[in-house]
Amino acid sequence: MTHPFDLSGKTALITGASRGLGFEMAKSLGKAGATVILNARSNKTLKISCEKLQALNITAIPMAFDVTDTDALEDAFTRIPQLDILVNNVGSRDRRTINDFELEDVRNLFNSNLVAPFDLARRAAKLMDQNGRIINITSIAGDIARTGDAIYTASKAGLTGLTKALAAELGPNGITVNAIAPGFFATEANKEMINDETILSFLEKRTSIGRWGQPQEIGGACVFLASSAASYITGQIITVDGGMTSHF
């Protein structure tokens with residue numbers, strides 16, 4: 001019998017995959033048997049990331065393009081003959097108070113965090129069969145807020161809503177659409193905060209597990225949602241935050 005988490009024969013596109021959570025999800029999908037297409041803007045860093053995966057006997061293909069560039073996106077999809085899984089991981093963060101934003105900055109962040117995932121999802125759906133999987137990477141910031149992060153929070157809340165809307169629209173085509181909402185992960189993007197005693201103390205008190213999440217701990221949720229084990233799950237958000245949003 002085929003293992004329910006076996007992704008052999010599947011092809012996955014993971015955006016923002018040259019490092020951090022995107023890279024770890026690509027690695028997990030590849031270990032489960034999928035051919036993984038890694039996306040980022042820099043071809044140089046993508047090649048290095050793909051070589052790391054290839055050393056693990058994972059079929060990894062670099063595909064550099066900017067997800068906010070419509071022409072580049074259209075060209076990229078002409079080079080993808082088959083797609084079974086899309087992981088919309090790429091995103092931007094801009095921590096400022098609302099009065100420090102120019103409207104153009106707001107539009108740019110929404111374009112990266114919400115408009116691009118929408119465009120990727122509808123393009124990907126056209127290449128998928130009745131077992132297609134779309135996985136959006138939102139954030140616990142889509143449900144809870146703090147000062148100085150309003151635009152990011154709004155964009156991720158929008159992506160949560162988009163996940164549910166796409167699930168409703170693409171369900172009749174046999175495509176499931178779900179999301180993963182990460183909490184505090186010790187990625188390269190957070191390297192300046194990882195050893196901050198104030199943040200460490202905060203996480204010890206605020207999360208059930210009492211620590212940062214390690215990047216590799218995101219992979220299991222991604223493989224599950226991409227697999228046949230999740231065939232009747234759609235429109236859902238799996239929160240991977242060490243219990244932060246449920247810890248009182």
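Visitor: How many aromatic pairs does the count come to?

Guide: The structure is a predicted model. Rings of Phe, Tyr and Trp pair if their centres lie within 6.5 Å. By this rule, the number of aromatic pairs is three.

Visitor: Which kind of pair do the rings of Phe 5 and Phe 224 form?

Guide: The ring centres of Phe 5 and Phe 224 are 6.3 Å apart, and their planes stand at 90°. Planes over 60 degrees apart count as edge-to-face. The pair of Phe 5 and Phe 224 is therefore edge-to-face.

Visitor: How many residues apart are Phe 5 and Phe 224 in the chain?

Guide: Phe 5 lies in the segment before strand E1 (11-14), whereas Phe 224 belongs to helix H7. The pair thus links distant parts of the chain, and the separation is 219 residues.

Visitor: Is Phe 224 buried, partly exposed or exposed?

Guide: The relative accessible area of Phe 224 is 26%. Buried means under 20% and exposed means over 50%. Because its value falls in between, Phe 224 is partly exposed.

Visitor: How many of the eight residues of helix H7 are buried?

Guide: Helix H7 spans residues 219-226 and is mostly covered. Its buried residues include Gly 219, Cys 222 and Leu 225. What covers the buried residues includes helix H1 (20-31) and strand E4 (85-88). Of the eight residues in H7, the number buried is six.

Visitor: Which residue forms one aromatic cluster with Phe 184 and Phe 202?

Guide: Phe 184 and Phe 202 form a tilted pair, with 6.0 Å from centre to centre and 55° between the planes. Phe 184 is in the loop between E6 and helix H6 (197-206), and Phe 202 is in helix H6. The cluster that holds both also contains Trp 212.

Visitor: In what order do the seven strands stand in the open sheet?

Guide: The pairing in this sheet is parallel. Strand E3 (60-64) and strand E7 (237-240) each have a single partner strand, so they stand at the edges. From one edge to the other, the order is E3-E2-E1-E4-E5-E6-E7.

Visitor: Which residue in E7 is the bridge partner of Pro 182?

Guide: Strand E6 (residues 176-182) runs parallel to E7, and four bridges join the two. In E7, the bridge partner of Pro 182 is Val 240.

Visitor: Over the ring of which residue does the charged end of Arg 93 sit?

Guide: The charged end of Arg 93 is 3.9 Å from the centre of the ring. The ring beneath that charged end belongs to Tyr 152.

Definitions and conventions:
Residues numbered from 1 in each chain as written. Predicted model: local features only at pLDDT ≥ 70, side-chain atom pairs only at ≥ 80, totals over all residues. Heavy atoms only, no water. Pairing = 2+ DSSP bridges. Buried < 20%, exposed > 50% of the residue type's maximum accessible area, 1.4 Å probe, protein only. Contact = heavy atoms within 4.5 Å. Phe/Tyr/Trp six-rings, centres within 6.5 Å; stacked < 30°, edge-to-face > 60°. Lys NZ or Arg CZ within 6 Å of the ring centre and 35° of its normal.
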